[in-house]
Amino acid sequence: MNGLIFDIQRFSVFDGPGIRTNVFFKGCNLRCKWCHNPESQENRPQLMVYQSKCVGCGKCAGICGNTFTESCTACGKCAEACEHGARKITGKEMTAEEVFSLVRRDIEFYRTSGGGVTLSGGEPLLQADFAAEVLRLCKTEGIHTAIETAACVPQSAFEKMLPFLDLVLCDIKCIDEKLHKELTGVSNRQILQNAEWLKTTGKSIIFRMPVIPGLNDGETEKVKEFAGDFPLELMAYHVTGNSKYENLGRDYSLSELPPAPRDFMERLAEKTGAEYHFTGM
Amino acid sequence: MKFPKNQFNTERGLQTFIALAKTYFRQYGQTLQVNVLDAEELKKAKAEPEKYKGLIVRVGGYSTYFVDLEEGLQDNIIKRTEQSM
């Protein structure tokens with residue numbers, strides 16, 4: 001069984017407990033204005049161009065002129081031709097076994113630190129069968145499993161995961177439905193429905209809210225209320241992904257928005273009773 | 001191995017480092033030289049990336065090669081490293 005993956009990051013420490021490996025699934029059904037992994041959104045391989053590495057030799061232009069146009073098929077020929085690492089294809093088909101064999105390299109580190117694997121992206125539950133198979137393999141070696149999800153998927157997608165899943169990190173962007181549609185492109189009705197159902201399953205859940213000052217920070221109290229007895233972690237808006245839009249030939253609508261300041265986040269967390277951990281970004 | 005200074009001044013950062021070191025010794029290592037990354041080295045890496053291809057830094061919750069980062073992010077990391085020294 002194959003899945004489309006765009007990154008596998010070792011030694012991740014802010015996506016669940018302990019030292020973890022983060023597996024990033026390509027494809028997402030939300031289009032959050034603040035997305036810091038824009039390469040995660042489309043469910044197909046894409047070309048990324050790093051202008052700072054380009055020396056202007058023109059080899060890529062000799063292959064084809066379709067860069068950043070609809071005719072680009074992400075075939076990878078221009079990336080192969082470039083001798084300066086200025087082009088790469090993001091998104092690779094992998095089997096569940098391939099993903100598992102990479103994840104299990106750090107099994108001793110998971111054991112010592114209480115860590116494990118986290119499926120993220122993009123939206124891992126859009127490739128639910130594949131995700132479930134990866135988690136099933138991880139469970140054969142006792143690896144702790146988590147998923148990060150926006151939860152805008154059918155409940156059946158979650159049900160496939162449950163037998164192999166220890167922890168759900170469930171994003172809630174905001175409670176107001178109209179605002180949600182404006183900020184992410186989709187209604188949050190299914191998200192909130194799934195979240196309510198998840199609460200009844202007995203699974204460990206951490207609700208998480210990305211805080212984008214001026215856009216959704218006014219919803220923090222409502223999200224905390226929604227989370228109820230379950231922990232809510234606030235995530236500060238950061239700008240480390242901004243350059244990726246350019247690398248994809250796209251504009252970024254929030255390019256002028258500065259990162260959420262640490263003291264702003266700390267005050268917000270204290271005021272609402274949510275948790276906030278400074279991650280250095 | 002090189003670490004940013006703030007690896008060592010939070011409880012979580014310390015626990016993570018301890019887990020890393022313990023596992024390393026249990027599995028592979030006999031020597032672990034712990035270095036703290038400083039801003040001077042980062043500035044040199046920015047100026048002469050070909051000499052610092054292997055330099056790894058932490059960006060929030062993950063590790064990456066410093067010389068692969070966009071200039072704006074490099075400057076951001078240098079500034080934060082200077083502030084934490």
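This is a short talk on the sheet, the salt bridges, one pocket and a few single residues of a predicted model.

I'll start with the sheet in chain A. Nine strands form it, in the order 5-1-2-6-7-8-9-10-11. The sheet is open, and its pairing is mixed. At the edges are strand 5, residues 92–95, and strand 11, residues 275–276, each of which pairs on one side only. As general background, strands of a sheet pair through backbone hydrogen bonds, and they do so either parallel or antiparallel.

Now to strand 6 of chain A, residues 116–121. Six of its six residues are buried, so by the cut-off of under 20% relative accessible area this strand is mostly covered. Which strands pair with it? On one hand there is strand 2 of chain A, residues 20–25, which pairs with strand 6 in the parallel sense over six bridges. Within that pairing, A:Phe25 has A:Gly121 as its bridge partner. On the other hand there is strand 7 of chain A, joined to strand 6 by four bridges, and these two strands run parallel. Here A:Thr118 stands opposite A:Ala146 of strand 7.

Moving along, strand 7 of chain A covers residues 144–149 and is joined to strand 8 of chain A, again parallel, by four bridges. One pair to look at is A:Thr149, whose bridge partner in strand 8 is A:Cys170. Helix 9 of chain A, residues 220–227, packs on the sheet. Helix 9 touches strand 9, residues 204–211, and strand 10, residues 232–236, and its direction makes about 150° with that of strand 10.

Next, salt bridges. How many are there over all chains? The count is 24. I'll go through a few of them.

A:Lys139 pairs with A:Asp166, with 2.6 Å between the closest N and O atoms. What does this pair tie together? A:Lys139 lies in helix 5 of chain A, residues 128–139, while A:Asp166 is in the loop between helix 6, residues 155–161, and strand 8, residues 167–171, so the salt bridge links parts that are 27 residues apart in sequence. Are the two partners buried or exposed? Neither, as it turns out: A:Lys139 is partly exposed at 29% relative accessibility, and A:Asp166 is partly exposed at 27%.

A second salt bridge joins the side chains of A:Glu42 and A:Arg44, at 3.6 Å from N to O. A:Glu42 has a relative accessible area of 27%, which makes it partly exposed. A:Arg44 is also partly exposed, at 41%.

The third one is between A:Asp171 and A:Lys173, where the closest N and O atoms are 2.7 Å apart. In this case A:Asp171 is buried, and A:Lys173 is buried as well. There is also a network: A:Asp15, A:Glu148 and A:Arg208 are joined into one by salt bridges that share partners.

On to the pocket, the second largest one. Its space comes to about 1,200 Å³. Which residues are closest to its centre? Of the 41 that line it, they are A:Phe278, A:Thr279, A:Gly280, A:Met281 and B:Arg80. The elements giving two or more residues to the lining are helix 10 of chain A and, from chain B, helix 1 (11–27), strand 3 (56–59) and helix 3 (71–84). Helix 3 of chain B gives the largest share, nine residues.

Helix 10 of chain A, residues 242–247, also holds A:Asn247. Is A:Asn247 buried or exposed? It is buried, because its relative accessible area is 5%. Leaving out neighbours within four places in sequence, A:Asn247 is in contact with A:Leu47, A:Met48, A:Val49, A:Tyr50 and A:Phe68, and with B:Glu70 from the other chain.

Last residue: A:Lys160, in helix 6 of chain A. With 37% relative accessibility, A:Lys160 is partly exposed. What does A:Lys160 touch, not counting residues up to four places away in sequence? The contacts are A:Ala128, A:Asp129 and A:Ala132. As for distance, A:Lys160 and A:Gly58 are 102 residues apart in sequence, and their C-alpha atoms are 48 Å apart in space.

Key. Residues are numbered from 1 along each chain as its sequence is written. Chains are lettered from A and ligands numbered from 1 in the order in which they are written. This is a predicted model: local features need pLDDT of at least 70, side-chain atom pairs count only at pLDDT 80 or more; totals for chains, interfaces and linings use all residues. Side-chain values use heavy atoms; hydrogens and water are left out. A salt bridge is a side-chain nitrogen of Lys or Arg within 4 Å of a carboxyl oxygen of Asp or Glu. Buried means under 20% relative accessible area, exposed over 50%, partly exposed in between (1.4 Å probe, protein chains only). Contact means heavy atoms within 4.5 Å. Two strands pair if DSSP finds at least two bridges between them. Axes are lines fitted to C-alpha atoms, for helices over the stretch in contact, and angles run from 0 to 180 degrees between N-to-C directions. On a 1 Å grid over the protein atoms alone, a cavity is a set of points where a 1.4 Å probe fits but cannot get out, and a pocket is an open set with protein on both sides within 12 Å along at least five of seven lines; lining residues have an atom within 4 Å of a point. Grid points are joined across faces, edges and corners, and a volume is the space filled by probe spheres set on the points.
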